[in-house]
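Hello,

Here is the structure I promised to pass on to you. Please have a look at it first; my notes on what turned up follow below.

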Amino acid sequence: MDGKVKEQKRHQQKQSGPKAERKKLKKQGGSTEEDARKRNPKAFAVQSAVRMAKTFHRSQDIKLKKHHIPLVDRTPLEPPPIVIVVVGPPKVGKSTLIRCLIKNFTRQKLGDICGPVTIVSGKKRRLTFMECSNDINTMIDLAKVADLVLMLIDASFGFEMETFEFLNICQVHGFPRIMGVLTHLDSFKDNKALRKTKKNLKHRFWTEVYQGAKLFYLSGMVYGEYQAQEVKNLGRFISVMKFRPLVWQTSHPYVLVDRMEDLTDPDRLRTDPKCDRTVSLYGYLRGTFLKNKGQVHIPGVGDFQVGDVNFLPDPCALPDAQKKRALNEKERMLYAPMAGVGGVVYDKDAVYIDLPASHVDHQQEEVRPNTELVQSLIDTHATLDEKMAASKVSLFSGSATLEPAEEQSREEGGLEEKCVWDPTTQRKRRKVVFTTEEEEDVSGSSDDDEDGESEDSDQEEQRKNEHEENLSTYLKEVRAECDETEKTVTDAPPVKRPKLDERKGESAEVPAFADSEDDLEMSEEEESGEEGEAGRAGDSGHCSEEEESEDGEEEDDEEESEGDLEGKGKAADATMDEQMARESTEEEEEEEGLRWKEGLRQKASEAFLRQQQAVPNLRKFVYGSVVKADDSEDEEQELGGLFRVSRPQKSKKYQANAVDSSRFNSDTSHKWDQEEMLNSIRDCFVTGKWDESQDAATLLKEDEELYGDFEDLETGEVHKNPTGKQNRAEQNGENPDGDDDDDDDDDDDHEEAVVKMDDDEVQKNKRLEKKQRLKDRFNSEYDGGDATYFDDLKEELQKQAELNRAEFEGVDDETRVQYEGFRPGMYVRLEISSLPCEFVTNFDPHYPIILGGLSSAEGNVGYLQMRLKKHRWYNRILKTRDPLILSLGWRRFQTIPLYHIEDHNGRHRLLKYTPQHMHCGASIWGPVTPQGTGFLAVQTVAGVKANFRIAATGVILDLDKSVTVVKKLKLIGYPYKIFKNTSFIKGMFNTVLEVAKFEGASVRTVSGVRGQIKKALSTPEGAFRASFEDRLLMSDVVFLRSWFPVSVPQLYNPVTSLLLPVGHKDSWAGMRTLGQLKHDLGIRNKPNPDSLYKPVVRTKRQFNPLHIPKELHKALPFKSKPKQQQQKGKTPRDLQRPSVIREPHEKKVAALLQALSTVHNYTRKKAHAVQHAKHKEFLQQKGKQEDAKLKRQKEARKKLYRVMGQEDKMKQRSSLKGASKDD
């Protein structure tokens, strides 16, 4: 191996194929198509104008089909990660594909896929993978938030029902981008079968999605993973894919939760384990802006009010946005807290650092200050206040210890440590908690805050006084040390001198808003000792000596940003000196005055300031809270590479935002006796010296020159421009101030000529301007001739998007959140109280948690009108009043629909069942949802059924109770008295009042006779008089067809699948249908006896004899007259033939004759059979003879025809040779 170098395999060039053919042609110097086009252009000209027009129209149609309606691009500059949902039946390879894609992007292996997994796929794109199980609830929820769906299909098995179910769910809730992925292709041994299967699956997939939908093929697996090149190609396609905004997602804020923390008080949990929980949920905000204190819906749980919303640092930031930290890039590419992967986890008041076992130093046995602190806390024998006063904490090994006063002086607050048992790694971990005074006041989420709240107020005041005393002594010591350090630094190179001067300027400045009493105390001491400490570096009160030495290098890079502050500090020095000098002289002059006059001006100014500061803060009333610009992320100093020390007094933003614009604070430092102060405001008045572009006299002069002469239309007087005449005179070389009184007439003539010339010039200039405008319009149309309305619309929306982005571009996040809410792309923390305890105890990270934001109206419940159609693949029709589970908006709930259809007259008639292949209306009681929102319906979400689970789909039409659903009601009555066309009917109504309501209503009989109700009868009760078209019979049945309004049942039962125990979340069962109840309880329908089939027994009707009047009988012809024929009587007995009685001898003779006749008949029948057989044989022989005869005749005809043919040929030959010589 030392001397041998492995020879690299040579590249084998292609010998066949289109690429090889082109290379060969190029080497031979053969002519290509372009050369032929140049050599013979006519051959490539248009052959047919009609064909060319058809081709052009087809290309334009294809081009326009690709157009979508342009929408305003509202995606933020840092968009949230793209949600990629991996869907498929069980055991199709979903988890394996996610692992392979994560390994492709991050080079890390992930074990169990739990919850959302966020990775960085490129400089500007992040991806969140989520695995979708076979549960119908999970499929519905993830289809609403998915940006891209990877649909896995087992090629060896074919399409399964889950694939089509998810496709139909996506079609209803806004169709995201869908890509198919074929797996298990290595099970095919025959390439022909593989190609055929691919083709069939591809075309079926195109039918469901769209023509040309992308379908990837994963050919096989290598060591339990898909092939790297195929996964790489899939990852590249995902990384560059563009997405179209969906209406529901862009109009509603939503969060796909990737982390959940229970914030409930442990004491409350100990006393009542079933109490409602307070939970904080974390995730990237998507969709649109989210307002604080809004209402959200958690699918599977219910509607809740958001207690508090905060935005946190991005845990999986983009590479160009993130700052370099101690953690390496490998751990920043992947963020999956539910799967145990996350690096740094940010909370509202804490930062959790998760280090793998390989990063932990195993030499933990040496004694360190942190260990000493923990040991001292364990073995303490004193109170907590005494121990904290005596303790010293070191942040890092080798650094100086911090005293309590020093800790209180830090703006970031003290460090606290908390031991937390990590169930994932099975070890104790030390949690570093960062707390500030503001967060202690606001948040009640941490255990430290709870302990602080439980302490008595007396102890807090005592501890605060001790800290103030310690801080004041500490500041004096630091200043003394600074004096000594400056004396030693005087001999050093003068590199740091400008910084010391800047520090002096900063120290002299009185803070506008002090962070604490320490700042005020510090500023007062600096003012009093300014002369003695002139050469000392200023101390801001926010950093110690060690920090100043560490900040030295960073301050060199911040000189530009602090230049303005230095100027402000020097100005403040000057004003403070003058104010002190003036006050000292005034005190000397007024020593002889009264005591109460001392400091009167100062007292008045302070009273005025207090009065002005008592004005209510308008911004706080409008927006609810005021941002305190204490923290500045742009100019923070890193301490140890991990923690930051904020310096608000060095920030321009702090100085700019310190005073609220809605309040007035008079500045007492202005000295109006000084010339410089007067000059600074001299330009604020009309008499001041303005710039040329802003001076009033200059602007008036320009206006006169611009508009020139004008004529008063009322008086007819012409006003001329003197300045214009003067300028023209100057141009002509004349003296406007000369004495030309003698030539007044000449001047008038000259002025008239000049006015005419001016009019001509004005007209000429107008024409030139018009021509220039036309020319510019032509140029713009010519240059952009291909621009269409579609392009103009896109350009207009692009400008709108740029305006939207530029509105809050320079505003910090804290202020921006108050105006526009939390924008999409932020990593937010939502605190929700009153969550059911089952949500925490039965939490399963494999099921997605989605927080869908609701608008102000969507939290209400009311009547909804929908258009619904039973799904063509669902094998049963739907019945009215059967409970149905709907997925509408963010919600999944059970309700009772009423199906109806609109008749031609506008009546909404109730349907008992849904129609088979057409739409129908539906009325439900449910949450108010915007019109046009799609929904889908399932009859059950429990378990997996063999059949298609989606029962119906539809859309919301209306949100009120304007539609009245009516059902048909037939009332039946019977006549009991008949008077020609009037009848008395009974049995239809029960009271006279009911009859009075229906007076004038139309009735009819079963036989079709129409009538009308006239008036009620006194007896019997409920009877009435009615008139009909014809006379009724007593056997007729009268009925009245009426319409009865039906009320919609008010049932709204949210599907709480996430509250079920782990492993049973897909077994939610709500209200059962009537058929299910009868089946479960074993109840069989008792048939209606009137509905059963019975034998029809009809009584025979007896008709009366026809009676013809005598006059009519006389007039009838003889043929039509009834004949009076008498019936024949019985034959008399004497005329009847008598019966013959035979003698015994006659009987024997008759029997013998019968026997002889029987024998004769038998012999004759037998002889007939023999004769028949003989005749049959004869016929067969005769047939054979006929066949032979026909055969002979056929042969003879053939011979004859042959001879005749030969003779004809001879005649033809002879005719061709010509006539014979004899002829």
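**Notes on the strands, cores and rings**

Let me begin with strand β25, which runs antiparallel to strand β30 (residues 934-938) and is joined to it by 4 bridges. In that pairing, L888 has F935 of β30 opposite it. Please keep in mind throughout that this is a predicted model.

On its other pairing, β25 meets strand β26 (residues 891-895), again in the antiparallel sense, over 5 bridges. Here L888 stands opposite R891. The two strands make a hairpin with 2 residues between them, and G889 in the turn has a positive phi of about 65°.

How many of the residues of β25 are buried? The count is 5 of the 5 in residues 884-888, so the strand is largely enclosed by the rest of the structure. L884, L886 and L888 point one way, while I885 and S887 point the other way, and all are buried.

Strand β9 (residues 254-262) is another one to look at: it is mostly covered, with 7 of its 9 residues buried. β9 pairs with strand β10 (residues 277-286) in the antiparallel sense over 8 bridges, and V257 stands opposite G283 there. β9 is also joined by 3 bridges to strand β23 (residues 850-854), and these two run antiparallel as well. In that pairing, Y254 has G852 as its bridge partner.

Among the helices, I would point you to α30 (residues 813-820). Its buried residues are T815, R816, V817, Q818 and E820. Just after this helix comes G821, which takes a positive phi of about 90°.

Now to the nonpolar cores. Which residues touch the most other members of the largest one? They are F166, I169 and F205, in a core of 47 residues. If you want to trace the packing from one of these, try I169: leaving aside residues up to four places away in sequence, I169 touches I136, M139, I140, A143, L936 and I950. There is also a second, separate core of 30 residues, including I84, V92, I119 and L218.

The aromatic side chains deserve a look too. Searching the whole structure gives 15 aromatic pairs, and one aromatic cluster is formed by F159, F164, W873 and F948. W873 has a charged partner as well: the charged end of R872 sits over the ring of W873, 4.6 Å from its centre. Elsewhere, R259 lies over the face of Y282, at 4.0 Å from the ring centre.

Finally, some overall values for the protein chain:

- The chain contains 35 helices and 38 strands.
- Of its 1223 residues, 32% are buried.
- Among contacts with a separation of 6 or more, 71% are between residues 24 or more positions apart.
- The exposed area is about 82500 Å², with carbon and sulfur atoms supplying 52% of it.

If you open the model with one place in mind, I would suggest L888, with R891 of β26 opposite it in one pairing and F935 of β30 opposite it in the other.

Best wishes

Conventions:
Residues are numbered from 1 along each chain as its sequence is written. This is a predicted model: local features need pLDDT of at least 70, side-chain atom pairs count only at pLDDT 80 or more; totals for chains, interfaces and linings use all residues. Side-chain values use heavy atoms; hydrogens and water are left out. Buried means under 20% relative accessible area, exposed over 50%, partly exposed in between (1.4 Å probe, protein chains only). Contact means heavy atoms within 4.5 Å. Accessible areas come from the Shrake-Rupley method with a 1.4 Å probe; for residues, only the protein chains shown count as cover. Rings of Phe, Tyr and Trp (its six-membered ring) pair if their centres lie within 6.5 Å; planes under 30 degrees apart count as stacked, over 60 as edge-to-face and the rest as tilted. A charge sits over a ring if NZ of Lys or CZ of Arg is within 6 Å of the ring centre and within 35 degrees of the ring normal. A nonpolar core is a set of buried Ala, Val, Leu, Ile, Met, Phe, Trp, Tyr and Cys residues joined through side-chain atoms within 4.5 Å. Two strands pair if DSSP finds at least two bridges between them.
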